[in-house]
Amino acid sequence: MAPLPAPEPARHLETTASLDARKLRFEINRVQLPMGVEGSFGVIKHPGASLAVPVLADGRVVVLRQYRFAVATRLLEFPAGTLDPGETPLSTMQRELQEEAGYSAARWDALGAMLPCPGYSDEVIHLFLARDLTELSERPAGDDDEDLEVVLMTPAELDAAIASGDEYLDGKSITAWFRAKQLLGLV
């Protein structure tokens with residue numbers, strides 16, 4: 001992948017309000033944009049996250065059907081998680097793959113990063129392709145609030161789910177699947 005363009009940071013003038021929530025911080029900042037305009041902007045400060053597209057030896061993809069309270073529904077998505085302090089994106093993903101899907105992977109390929117909501121969040125999600133999977137005999141304990149089901153799908157079934165609109169999927173999973181398909185030669 002080609003290097004990404006260099007950041008053009010705004011000049012931070014002041015933080016006028018903030019609210020800390022679980023793993024997140026919401027701030028209202030007064031800034032001067034690179035073009036010179038000053039204004040107040042709300043931003044969700046996020047520690048970053050990782051996501052993996054896990055692919056079994058037979059080509060099936062490990063997907064989760066997970067309940068998400070913010071949209072009050074279950075959606076299809078790949079295993080993912082927030083970076084904990086001191087974790088690298090890869091170590092976060094290795095932990096999350098075990099906790100959420102019950103697999104470990106021997107082969108990891110970076111698929112780059114994505115910005116899921118750059119209009120109001122600084123979150124960066126690091127994407128990986130996980131292969132040479134081994135199913136764990138016992139899944140490690142994950143987060144208490146995770147309500148999820150592991151679903152195995154062929155690439156054609158996943159493509160059909162994305163194309164049909166019959167199930168909710170999130171943008172990070174669709175982006176990661178698009179990039180993984182290129183590396184896997186499925187496009």
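## A first look at this predicted model

Proline 85 counts as exposed, with a relative accessibility of 82%. Welcome to the structure, which is a predicted model. Among its features are an open sheet of four strands, a helix, α1, that lies across β4, β7, β8 and β9, and a largest pocket of about 1200 Å³. The points below take these topics in turn.

**Two residues to find first**

- Start with proline 85, which sits in the loop between β7 and α1.
- Valine 55 makes a handy partner for judging distance: 30 residues separate it from proline 85 along the sequence, and their C-alpha atoms are 28 Å apart in space.
- Next, look for threonine 92, which belongs to helix α1.
- Is threonine 92 buried or exposed? Threonine 92 is buried because its relative accessible area is 0%, and buried means under 20%.
- Setting aside neighbours within four places in sequence, the contacts of threonine 92 are Ser50, Gly81, Thr82, Leu83, Asp84 and Glu87.

**The four-stranded sheet and its helix**

- Strands of a sheet pair through backbone hydrogen bonds, either parallel or antiparallel.
- In this open sheet the strand order is β7-β4-β9-β8, and the pairing is mixed.
- Which strands form the edges? They are β7 and β8, each of which pairs on one side only.
- On average, neighbouring strands of this sheet are turned by 25° against each other, with direction ignored.
- Strand β9 covers residues 125–135 and pairs with β8 over nine bridges, in the antiparallel sense.
- To spot this pairing by eye, find serine 104, whose bridge partner in β9 is threonine 134.
- Helix α1 lies across β4, β7, β8 and β9, and runs at about 125° to β8.

**The β1–β2 hairpin**

- β1 and β2 run antiparallel and are joined by nine bridges.
- Histidine 12 stands opposite valine 31, a residue of β2.
- The two strands make a hairpin with two residues between them. In the turn, lysine 23 has a positive phi of about 65°.

**The largest pocket**

- This pocket has a volume of about 1200 Å³, and 32 residues line it.
- Which residues lie nearest its centre? They are His46, Arg68, Phe69, Thr82 and Lys172.
- Two or more lining residues come from each of β4 (49–54), β5 (61–68), β6 (73–77), β7 (80–82) and α1 (89–101).
- The lining of the largest pocket divides into 13 nonpolar, six polar and 13 charged residues.
- Thr82 links two parts of this tour: it is among the residues nearest the centre of the largest pocket, and it is also in contact with threonine 92.

**The second largest pocket**

- About 790 Å³ of space lies in the second largest pocket, which has a lining of 26 residues.
- Nearest the centre of this pocket are Ala10, Val43, Pro118, Ser121 and Asp122.
- The elements that give two or more residues to its lining are β1 (11–21), β2 (24–32), β3 (38–45) and β8 (103–114), so both strands of the hairpin and an edge strand of the open sheet take part.
- Which element gives the most to this lining? β3 does, with four residues.
- By type, the lining of the second largest pocket holds 15 nonpolar, five polar and six charged residues.

Technical notes: Residues are numbered from 1 along each chain as its sequence is written. This is a predicted model: local features need pLDDT of at least 70, side-chain atom pairs count only at pLDDT 80 or more; totals for chains, interfaces and linings use all residues. Side-chain values use heavy atoms; hydrogens and water are left out. On a 1 Å grid over the protein atoms alone, a cavity is a set of points where a 1.4 Å probe fits but cannot get out, and a pocket is an open set with protein on both sides within 12 Å along at least five of seven lines; lining residues have an atom within 4 Å of a point. Grid points are joined across faces, edges and corners, and a volume is the space filled by probe spheres set on the points. Ala, Val, Leu, Ile, Met, Phe, Trp, Tyr, Cys and Pro count as nonpolar, Asp, Glu, Lys and Arg as charged, and the others, Gly among them, as polar. Two strands pair if DSSP finds at least two bridges between them. Axes are lines fitted to C-alpha atoms, for helices over the stretch in contact, and angles run from 0 to 180 degrees between N-to-C directions. Contact means heavy atoms within 4.5 Å. Buried means under 20% relative accessible area, exposed over 50%, partly exposed in between (1.4 Å probe, protein chains only).
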